[in-house]
Amino acid sequence: MTGDNTADLIRLDRAHLIHPYLPGSATERVIMTSGSGCRLTDTEGRDYLDATGGLWLAQIGHGREEIADVAHEQMRKLEYFTSFWEFSNEPAVKLAARLAEIAPEPLNHVYFTSGGSEGNEAAIKMARYYHHRRGEGSRTWILARSKAYHGIGYGGGSATGFPVYHEGFAPMMPHVSHLTPPWPYRSELYGGQDPTDFLIRELEERIAEIGPENIAAMIGEPIMGVGGMLVPPADYWPRVREVLDRHGILLIFDEVVTAYGRVGEWFAARYFDVTPDIIVTAKGITSGYVPLGALLVSDDLAEVLLRDHGFPMGYTYNGHPVATAVALANLDIIEREGLLARATSLGSFLHGELKAQLGDLPIVGEIRSVGMMLAVELVQDRATRTPLPLDPAHMPHDVIRREAGVIVRDSAHSLVLSPPLVMTETEAKEVATALRGVLERTGPDGAIRSA
């Protein structure tokens, strides 16, 4: 390349890269070169405050040299060998044991993947195969929810509850049924009823309609991330679990976003005091330093899956030695630096800052949070709770990044925040101030006045 480095990189990017969710007509690019803690720097030397943790995953922050050292050391010893059949490696074995220690009982078995989408594919297959092995092969249906996100694989993508992920990719996987999401702020979804009562009644009716003998599992995010950080009522998951147990239906928790400290616990299953049959994890297991996912599987399921010839599916990078070594080091940092407790305390602090800075703005309908998962829902009118119209060319999160250098995410008419768990109070204040600086200039029509 010759000439200006940034210009050349942008030219090459536009010529060759297909970015998820970016139309070919878009010309803007932000090319990051380095990171440290909650800070990022692009090719032009501009600094950014990362309030998204990448995609919900940078638990320990960017640029941790000790993680690079662990990866380097493991690569020098053993960069890769398969974990199929009888083969394994030392860090994979140790990580499996570590995950079993921190997981809710009786989730004592681990199946590794390369990420969340692979994990949800494996979980759906596990659920169906478990029933098949037990002589109930008719149990093929998967219950999911509207506004759910379970990745972009065929099975997980079919369980995902957004039309945009189905349109043009059909036919999707058959035998998937979507239920109403738990979204207490949107009381109109429940016809004036208690949200949990409505949702449990709907669940019971759907099970009766399909036939419990035909349903393998229900899959759900404990807190719906892409849907806008939707937090269910406290009694929702315990009551769902009771219904599923009564009908012999498995519960799969998609904790790709919520696990490894994001909600102030190792797993959101503990936060809601519910034990699923399978927990799907990824993202924060390595804080994004290398790709890795892990399914935590109950003793009962594992016993059935391991019969005869075992569970007949695997990914090339199952139990990758470098990824599992990095995961062990990442979990050590989370534990050593007390990041579970910090997620709770700093998340509460950031929530308070958002309320102080944004609480008086008429376009702010609700500010919700659990640990270091937060959302600011934007409305046209607080009384009617009509979603704020958004101009794709001038989205609030884009304006916040361009003007203040703070990176937040737009999701379902909400600004969603999932910062690294190492964020400081000073940085939390900076985030709230940046949001205020743009949202106070945003009208009920979604137009943003010039600064």
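Okay, so let's start at Leu 49, which sits opposite Val 406 in strand 14. This is a predicted model, by the way. The pair belongs to the contact between strand 3, residues 47–50, and strand 14, and those two run parallel, with 2 bridges between them.

Zoom out one step and you get the sheet around them. It's an open one with 4 strands, the order is 1-2-3-14, and the pairing is mixed. So which strands are at the edges? Strand 1, at 32–36, and strand 14, at 406–407; each of these has a partner on one side only.

Right, the whole chain next. We have 14 helices and 16 strands. The radius of gyration is 22 Å, close to the 22 Å from the globule rule for 451 residues, so the chain is as compact as a globular protein of that length. If you box the C-alpha atoms along the principal axes, you get roughly 65 × 60 × 45 Å. Of the 451 residues, 54% are buried. And take the contacts between residues at least 6 apart in sequence: 71% of those link residues at least 24 apart. On the outside, there's about 19200 Å² of accessible surface, with carbon and sulfur atoms accounting for 54% of that.

Now, helix 4, my favourite bit. That's residues 90–102, so to speak a 13-residue helix, and from first C-alpha to last it reaches 19 Å, close to the expected 18 Å. At its N-terminal end there's a cap: Asn 89 puts a side-chain oxygen 3.0 Å from the backbone nitrogen of Ala 92. What's buried in helix 4? Pro 91, Ala 92, Leu 95, Arg 98, Leu 99, Ala 100 and Ile 102. And yes, there's an arginine in that list, Arg 98. Those buried residues pack against several elements, among them helix 3 (65–77), strand 4 (109–113) and helix 11 (321–336).

Helix 11 brings me to the last residue, Thr 324, which is found there. Is Thr 324 buried or exposed? Buried, with a relative accessible area of 0%. Ignoring neighbours within four places in sequence, Thr 324 is in contact with Asn 89, Pro 91, Ala 92 and Leu 95, and also with Phe 112, Leu 292 and Gly 319. So the capping residue of helix 4, Asn 89, turns up in that contact list too. The side chain of Thr 324 also has a polar atom 2.8 Å from the backbone oxygen of His 320. One more for Thr 324: Glu 353 is 29 residues away in sequence, and the two C-alphas are 37 Å apart in space.

Note on methods. Residues numbered from 1 in each chain as written. Predicted model: local features only at pLDDT ≥ 70, side-chain atom pairs only at ≥ 80, totals over all residues. Heavy atoms only, no water. Pairing = 2+ DSSP bridges. Expected span 1.5 Å × (residues − 1). Buried < 20%, exposed > 50% of the residue type's maximum accessible area, 1.4 Å probe, protein only. Contact = heavy atoms within 4.5 Å. Polar contact = N/O pair within 3.5 Å; in protein donor to acceptor, adjacent residues only side chain to side chain. Rg over C-alpha atoms; globule rule 2.2 N^0.38 Å. Areas by Shrake-Rupley, 256 points an atom, 1.4 Å probe, with all protein chains shown as cover.
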